[in-house]
Amino acid sequence: MSSNYVLVSRFPLKNNISTDTLSSLKNTESKRYYLCEEPGVNELLELRSFNDIKEISWVEEELDSMFHNFADVLSADIRRELLKFVESPIDNENDLPETEYIQLRHVEVPAHNYQQYRQWRDETIFNVVRDNKDKIESFEAFHSLISGVPGVMFISAFNGNKDDYKEPFTNARYKEIIQQAGDNYITGGNEGLYTRIYRAC
């Protein structure tokens, strides 16, 4: 199982990040960096893991310094959200993914439908994930604890070809699942559902 909490920080970049800046980033067991692979999205992602929410105060000064250290390359303020682990159809043995790629998959769910949604996703989305264990290293479900964009966040970790990984999530079977989700479980307009793939730095 992953850590109990994951802090997601998004750094919107003005231009492609320099080699010097990249080399200053240190991946550790509890901190990982990724660059967004989506067209038109120039963004650095940082994941930090915590087993106890009190641990966040230990790195508060470091989190604040990142804003100043990256000021010259940022196109906007850093966006952060704190996520709490809920469940996983494919467990991660480590605190954070150690794969070449991760995908963030966000869904905003109406509160009154949340328990029904969890049962539905176990029988639909999670079955697709379990059926594709050969393409997915781990797939974990979190829920926003503190976020400007509330809802469910899946962190999916994989290696290899991105198109092979994406196929189960774009085929006819999955399009039907997305239609069911849209009809019953998604709120929040355009912010209510999105996916982004990131490559490890």
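## A patch on the surface

A patch here is made of residues with over 30% relative accessible area and no salt bridge, and nonpolar side chains are joined into one when they lie within 5 Å. Keep in mind that you're looking at a predicted model. On its surface, Ile53, Leu145 and Ile146 make up a nonpolar patch, and together they offer about 260 Å² of accessible area.

Let's take one member of that trio. Ile53 sits in the loop that runs between strand 3 (43-50) and helix 2 (60-69). Its relative accessibility is 37%, so Ile53 counts as partly exposed.

## The two sides of helix 3

Which residues of helix 3 are buried? In this helix, which spans residues 114-123, they are Tyr114, Tyr117, Trp120 and Arg121. These four cover an arc of only 115° around the axis, so they end up on the same side of helix 3. Turn to the other side and you'll find Gln115 and Gln119, which are exposed.

And what covers the buried residues? The cover includes strand 4 (79-90), strand 5 (101-107) and strand 6 (138-146), along with strand 7 (152-158), helix 4 (125-131) and helix 6 (172-184).

Arg121 has a relative accessible area of 0%. Its side chain meets that of Glu87 in a salt bridge, at 2.8 Å from N to O. This pair links distant parts of the chain, with Arg121 in helix 3 and Glu87 in strand 4, 34 residues apart.

## Charges that pair up

Side chains of opposite charge can pair when their charged atoms come close. Across the whole structure, a search turns up 13 salt bridges.

Arg48 is a good one to follow. One partner is Glu46, with the closest N and O atoms 3.0 Å apart, and both of these residues are buried. Arg48 also forms a salt bridge with Glu62, at 2.8 Å from N to O. Since Arg48 lies in strand 3 and Glu62 in helix 2, this pair ties together parts that are 14 residues apart in sequence. Arg48 is buried because its relative accessible area is 5%, while Glu62, at 32%, is partly exposed.

## Glu81 and its surroundings

Now for Glu81, which you'll find in strand 4. Is Glu81 buried or exposed? With 4% relative accessibility, it counts as buried.

The side chain of Glu81 makes a polar contact with the side chain of Arg10, at 2.9 Å. Both belong to a network of salt bridges that links Arg10, Glu43, Glu81 and Arg196. Beyond its neighbours within four places in sequence, Glu81 is in contact with several residues, including Val6, Val8, Ile146, Met153 and Tyr194. You've already met Ile146, as part of the nonpolar patch on the surface.

Methods:
Residues numbered from 1 in each chain as written. Predicted model: local features only at pLDDT ≥ 70, side-chain atom pairs only at ≥ 80, totals over all residues. Heavy atoms only, no water. Patch = residues over 30% accessible without salt bridge, like charges linked within 9 Å, V, L, I, M, F, W, Y side chains within 5 Å. Areas by Shrake-Rupley, 256 points an atom, 1.4 Å probe, with all protein chains shown as cover. Salt bridge = Lys/Arg side-chain N within 4 Å of Asp/Glu carboxyl O. Helix = DSSP H or I, 4+ residues; strand = E, 2+ residues; numbered from the N terminus. Buried < 20%, exposed > 50% of the residue type's maximum accessible area, 1.4 Å probe, protein only. Arc of directions from axis to C-beta. Contact = heavy atoms within 4.5 Å. Polar contact = N/O pair within 3.5 Å; in protein donor to acceptor, adjacent residues only side chain to side chain.
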